[in-house]
Amino acid sequence: MPDDVQGWLTPRAVAAEAGVSQEFDLSQCVREPIHLLGGVQSYGALIAARWDDAVVDTVSRNAAEVLGRAAGELLGRPVTELIGAEQWALARESAEAVTDSGAAAPQEGPASSGVLPLTLDGEDDEGEGGARLFDVTVHRNGDLLVLEFEPRAEGGPFVFQNFYPRVRRALQKLQGATDVTECCAAAVREIRTLTGYDRVVAYRFDGRDGPGQVIAEDRSEGREPWLDLWFPASDIPPQARRLYARNWIRVIGDVDDRTAGLVPELRADTGQPLDLSASVLRTVSGYHLEYLRNIGVASSMSVSLLHEGELWGLIACHGDEPRLLSPEVRAACEFFGIALSLQLAAVAGREEADELARTRRALAAVLARLTSGAPDDLMRPGSGLVELLDADGAVLLRGTETLTAGAPLPDALSGLLARLAQDGSVGEVWSSDRLPEVLGLEPEEAEAEGIPAGLLLLPFNRDGDLLAWWRREQPAPREWAADPSRPVRTGPGGERLTPRGSAAVYRATVRGRSAPWSAAQRVAAGELWREVSGLLTRQVVALEARNTELARTNEDLDSFAHAAAHDLKEPLRGISNAAAFIVEDAGTVLDTTSLRRLTTVRRLAERMDGLLDSLLHFSRLGQVGLEREALSVDEVLDDALVVAGGRLAEQGVTLVRPAALPRLRADRERLREVLENLLVNAAKYAADEGAGERRVWVEAVRVAAPGRAPEEDEGGGADGGTVTALVVRDNGIGIPAAQQADVLQLFRRLHRRDERGGGSGVGLAVVKRIVERHGGRLWLESPAAAPDADCGGGPGTAVWFTLEEPPEARP
């Protein structure tokens, strides 16, 4: 089965086809070229003559019976020998009147044809001479002019003045209808009155290729009701729908008619039968004739209902007996179909305009709540965003941030949104009320995966930023005129298509769909997108301006700190030297108090010099580039112990390395400085004497990448959502939780400067800045349980930080 056919047939329809006992391939019905069947209904005859020279190119085999001239006599001869030059000219004029400047009829959109009376000279049924009257429908088909002859019906010529009052009355009733159902109900009553058929129904399609529902009906007594019944999509395959969109009206005079073939059967230029897409006499598919017989129909007429160029539905007429309609009656019904289509469009337009007005009022209320001018306000409770589109939930994706409103966002929808947004156009509304079908999933599969049935989204850009609404599934019970999962069956009389009707009602529930997104909702979503896009653009511009200003400010601060450190150190050295000289030169004559004060001045100057050195070093960290390389943390730790090892030994602190440390990507000197500072701090703040053995542990742990607290990966660290963190953990005196943020600030200590080994309070601030320069993050934990419960000691402190891993080291 070709892909295009397989894609149209539902899996259930294909399965049903496979279960039919006799040989019947439903896909053949779908593939059948119904415009190239090579024949016409036998009550009329067809002649196709070349536009330029009037030579007959194709003629129906029944020409002798209908026209009095055999097909072989007409083929290859000028058609003017049959109808005369004057009537040929009239036929051309009629065709030109319904096409653009004499151009060939278009291959898409409604076909154009004209009707005119023609007279043929010849013998009547008794062999006597006389003129025969025909109604001839003409249309242009490429380089051919197609003439379709129908014998004039008995009772004299059609008088439009007698027919017009009934049409006008019918149109007036249409104009008084207030909704689609009322329009269609009025239409089927009037068309049945105009034509005399035994059943007339209005049939609306559920989507372009979906099934149809009878929404209005007028029938003779004794016929079973079809109102509200659904008919499978396979009843009208895609190629039939395309022809219905091209022809406003289609009449089948007798389902048992013998087809009149064409001569030649195949055209020399195309190798195919003559294209009869715009033909009024076109023969009927055997599948369709069988279908009509199975539902007890002897004749039929279909009037197309179009909306914006698409087939919206049909007025279907069924007769118990063969019935021929004159071209004039067909023209009246075609005119009625056009008027009904326009009226339906007007009614739908009024309904859409009313809904759009209501939706825009709701949108104005939503936008009024954007008090801060930030799109985040849309996702706050009470914003009205979810209610705006009558959705179950909404989500705003912006960068790495996900904001939701309404019901919780289904997990399966998160990854799906980005993919759908990439497939769409920026600022263009994409929506579906049957998302499982779009994804190729059965409703049960979608439900198990947590995928909603309806989705409407708006991509803001190509980076994945978007705004979306979603709806849950709304199962819809339907009554079918036949089992939709088995459109083909073998019947008692050898039928291959299932009989339809209320006697065979099959109740089923349609799943995998949500309430449809209306045109007004799509418009409102687009208008909201324009407003939010403007806000985001203004935010980006403002953020770039703030970032530029912040970068300038940071540069100024670094320059100031660097200059201040240099400029202040010189007078400090002068103050310290001057105090030393005074003590040295006049020490013997100064009293004890003065000497003590001079010593204090000197000590404070030296302390100030140390603080300026620390400030100078801290400012350099923001200016000097990093020389990143893949390195062994064990080797860097050994380098750090060259300086820190002595301090650990002085305090009696034992270094514990539970396992080999990983390879990371970092600046070697800066990482050494980080480890050195942390080890020295562990020595400074070791547990007091008598509290047990003093230890410090250095190890690597896998932690959750987006988390705020370190959590070890029980799965062995192979999760792509984790990163390697280094932790330096001690069992010292610990840091109260309320003061952990303070110790990371510059020049902040929790003890007096002469306690715990002194210091300037710069170490942890330097560590934090180096880690952040590497794109990592740093956090503290205290108390932290020591790995060895028997070691005793205080609550301890654990300093965690992350760095970048080289690709070869990642799990």
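Let me begin with a term: a residue is buried under 20% relative accessible area, exposed over 50%, and partly exposed in between, using a 1.4 Å probe and protein chains only. Asp53 has a relative accessible area of 38%, so Asp53 is partly exposed. Its salt-bridge partner comes later.

Now the ground rules. This is a predicted model: local features need pLDDT of at least 70, side-chain atom pairs count only at pLDDT 80 or more, and totals for chains, interfaces and linings use all residues. Residues are numbered from 1 along each chain as its sequence is written, and side-chain values use heavy atoms, with hydrogens and water left out.

Aromatics next. A pair of aromatic rings is described by the distance of the centres and the angle of the planes. The rule takes rings of Phe, Tyr and Trp (for Trp, the six-membered ring) with centres within 6.5 Å; planes under 30 degrees apart are stacked, over 60 edge-to-face, and the rest tilted. That gives 5 aromatic pairs. One of them is Tyr203 with Phe205, which is edge-to-face, at 5.3 Å centre to centre and 90° between the planes. Tyr203 counts as buried because its relative accessibility is 9%. Phe205 is buried too, with a relative accessible area of 9%.

Another pair is Trp779 with Trp800. This one is stacked: 5.9 Å centre to centre, 5° between the planes. Trp779 lies in strand E26 (residues 778-781) and Trp800 in strand E27 (residues 798-802), so the pair ties together parts 21 residues apart in sequence. For the element names, helices (H or I, at least four residues) and strands (E, at least two) are DSSP runs, numbered from the N terminus. Both Trp779 and Trp800 are buried.

Back to Tyr203 and Phe205. Ring pairs link them with Trp226 and Phe231 into a cluster.

Some rings also have a charge over the face. The test is NZ of Lys or CZ of Arg within 6 Å of the ring centre and within 35 degrees of the ring normal. Arg777 lies over the face of Trp779, at 4.0 Å from the ring centre. Arg323 does so over Tyr197, at 5.4 Å from the ring centre.

On to salt bridges. Side chains of opposite charge can pair when their charged atoms come close. Here, a salt bridge is a side-chain nitrogen of Lys or Arg within 4 Å of a carboxyl oxygen of Asp or Glu. The count is 30 salt bridges.

Asp53 returns here. Its side chain meets Arg50 in a salt bridge, 2.8 Å from N to O. Arg50 counts as partly exposed, because its relative accessibility is 33%.

Next, Asp392 and Arg472. Their closest N and O atoms are 3.3 Å apart. This pair links distant parts of the chain, 80 residues apart: Asp392 is in the loop between helix H12 (385-388) and strand E14 (393-398), and Arg472 in the loop between strand E18 (466-471) and strand E19 (476-480). Asp392 is partly exposed at 26% relative accessibility. Arg472 is partly exposed at 46%.

Then Glu629 and Arg668, in a salt bridge of 3.7 Å, N to O. Glu629 lies in strand E21 (residues 628-632) and Arg668 in helix H19 (residues 668-684), so this pair ties together parts 39 residues apart in sequence. Glu629 is partly exposed at 33%, and Arg668 at 25%.

There is a network as well. Salt bridges link Asp206, Asp433, Arg434, Arg478 and Arg513.

Now, which residues are closest to the centre of the largest pocket? First, the term: on a 1 Å grid over the protein atoms alone, a pocket is an open set of points where a 1.4 Å probe fits, with protein on both sides within 12 Å along at least five of seven lines; lining residues have an atom within 4 Å of a point. The largest pocket holds about 1,600 Å³ of space. It has 39 lining residues, and the closest to its centre are Phe205, Asp206, Gly207, Pro516 and Trp517. We met Phe205 in the aromatic cluster and Asp206 in the salt-bridge network. H11 gives the largest share of the lining, 7 residues.

Last stop, helix H9 (residues 238-246), where Leu243 lies. Leu243 counts as buried because its relative accessibility is 8%. H9 is mostly covered, with 8 of its 9 residues buried. Leu243 and Leu311 are 68 residues apart in sequence, yet 9.7 Å apart in space, C-alpha to C-alpha.

Conventions:
Grid points are joined across faces, edges and corners, and a volume is the space filled by probe spheres set on the points.
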